[in-house]
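The following note is offered as a short commentary for a colleague beginning to read protein structures. Please keep the structure in view while going through the numbered points.

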Amino acid sequence: MTAESLIACHECDLLQHLPRQRQGGVARCRRCDAVLHRSIRDSLDRTLALTFAGLVLFGVANTFPFLAFKMQGQVTQTTLATGVVDLYRQGMWELALLVLLTSIVVPLLQLLLLIYVLLPIKFNRTPWKLAHVFRFQQSLGPWGMMEVFMLGILVAVVKLGDMAQIVPGLALWSFAILIFVLAGATAALDPEIVWERVGAGA
């Protein structure tokens, strides 16, 4: 972060220079002492590591069985994709589209766009349309409702527990871990690293 960086305090609106910070340091407003920026140690490396781990988990979650239902000697296995297809075949295409977007499309986009933005920066390069892509990636956060989807799965498992034997699959555990990995990647990312690159490429 350059010494000439300007920032408006979100509490008192004072426009001021953002001082140079050490990794892990905190910059505070000169007038109201609110936190202006918190520098995250090894932000780029940690975020990239978590993002690549997330991609692996995403692949497992969408490849292997999510749940297996054992009832009267018959075994039925489901995946995330088959769940979406079943909803569509039952005439609930709006719900199928919502599940597809919030549990598959948006998480994948978040991971891929993070790699698109951060990997070139790691090698001191500026990706094409960096500012636009990063803003879009940040705007996807509220649409990734993996936690809500997982909660719905757990409620369904409890309700169906008396009717059939339910066996969690590898994809279910991967999906659950992916929720925490995505949250960790978001928490580890210091956006100022990206905006510095945008300013350097301007």
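1. Which cysteine sulfur is closest to the sulfur of Cys12, and how far away is it? The closest one belongs to Cys29, at 3.6 Å, and this is too far for a bond. Since the model is a predicted one, this distance is a property of the predicted coordinates. As for its surroundings, Cys12 is partly exposed, with a relative accessible area of 22%.

2. A second cysteine deserves the same attention. The sulfur of Cys9 has its closest cysteine sulfur in Cys32, at 3.5 Å, again too far for a bond. Cys9 counts as buried, at 1% relative accessibility.

3. What does the search of the whole structure give for disulfides, and how many are found? The number is 0. A disulfide is a covalent bond between the sulfur atoms of two cysteines. The criterion applied here requires the two sulfur atoms to lie within 2.5 Å. The 3.6 Å between the sulfurs of Cys12 and Cys29 therefore does not qualify, and the 3.5 Å between those of Cys9 and Cys32 therefore fails as well.

4. On charged contacts, the search of the whole structure finds 1 salt bridge. Asp45 forms a salt bridge with Lys122, and the closest N and O atoms of the pair are 2.5 Å apart. The two partners come from distant parts of the chain: Asp45 lies in helix H1 and Lys122 in helix H3 (residues 93-122), with their positions 77 residues apart in numbering.

5. Are the two partners of this salt bridge buried, partly exposed or exposed? Asp45 is partly exposed, its relative accessible area being 38%. Lys122 also counts as partly exposed, at 40% relative accessibility.

6. Helix H3 matters to a further feature of the surface. Tyr88, Trp93, Leu97, Leu100, Leu101 and Val105 form a nonpolar patch there, and together they have about 560 Å² of accessible area. H3 provides the largest share of this patch, 5 residues. One of the members, Val105, is placed in helix H3 and counts as partly exposed at 30% relative accessibility.

7. Finally, a remark on confidence. The protein averages a pLDDT of 82, and 87% of the residues score at least 70. Among its elements, helix H1 (residues 43-61) has the highest mean pLDDT, 94, whereas helix H5 (residues 146-160) has the lowest, 73. Where pLDDT is low, the predicted coordinates should not be read in detail.

Notes. Residues are numbered from 1 along each chain as its sequence is written. This is a predicted model: local features need pLDDT of at least 70, side-chain atom pairs count only at pLDDT 80 or more; totals for chains, interfaces and linings use all residues. Side-chain values use heavy atoms; hydrogens and water are left out. pLDDT is the predictor's confidence in each residue, from 0 to 100. Helices (H or I, at least four residues) and strands (E, at least two) are DSSP runs, numbered from the N terminus. A salt bridge is a side-chain nitrogen of Lys or Arg within 4 Å of a carboxyl oxygen of Asp or Glu. Buried means under 20% relative accessible area, exposed over 50%, partly exposed in between (1.4 Å probe, protein chains only). Patches are made of residues with over 30% relative accessible area and no salt bridge: like charges are joined within 9 Å, nonpolar side chains (Val, Leu, Ile, Met, Phe, Trp, Tyr) within 5 Å. Accessible areas come from the Shrake-Rupley method with a 1.4 Å probe; for residues, only the protein chains shown count as cover.
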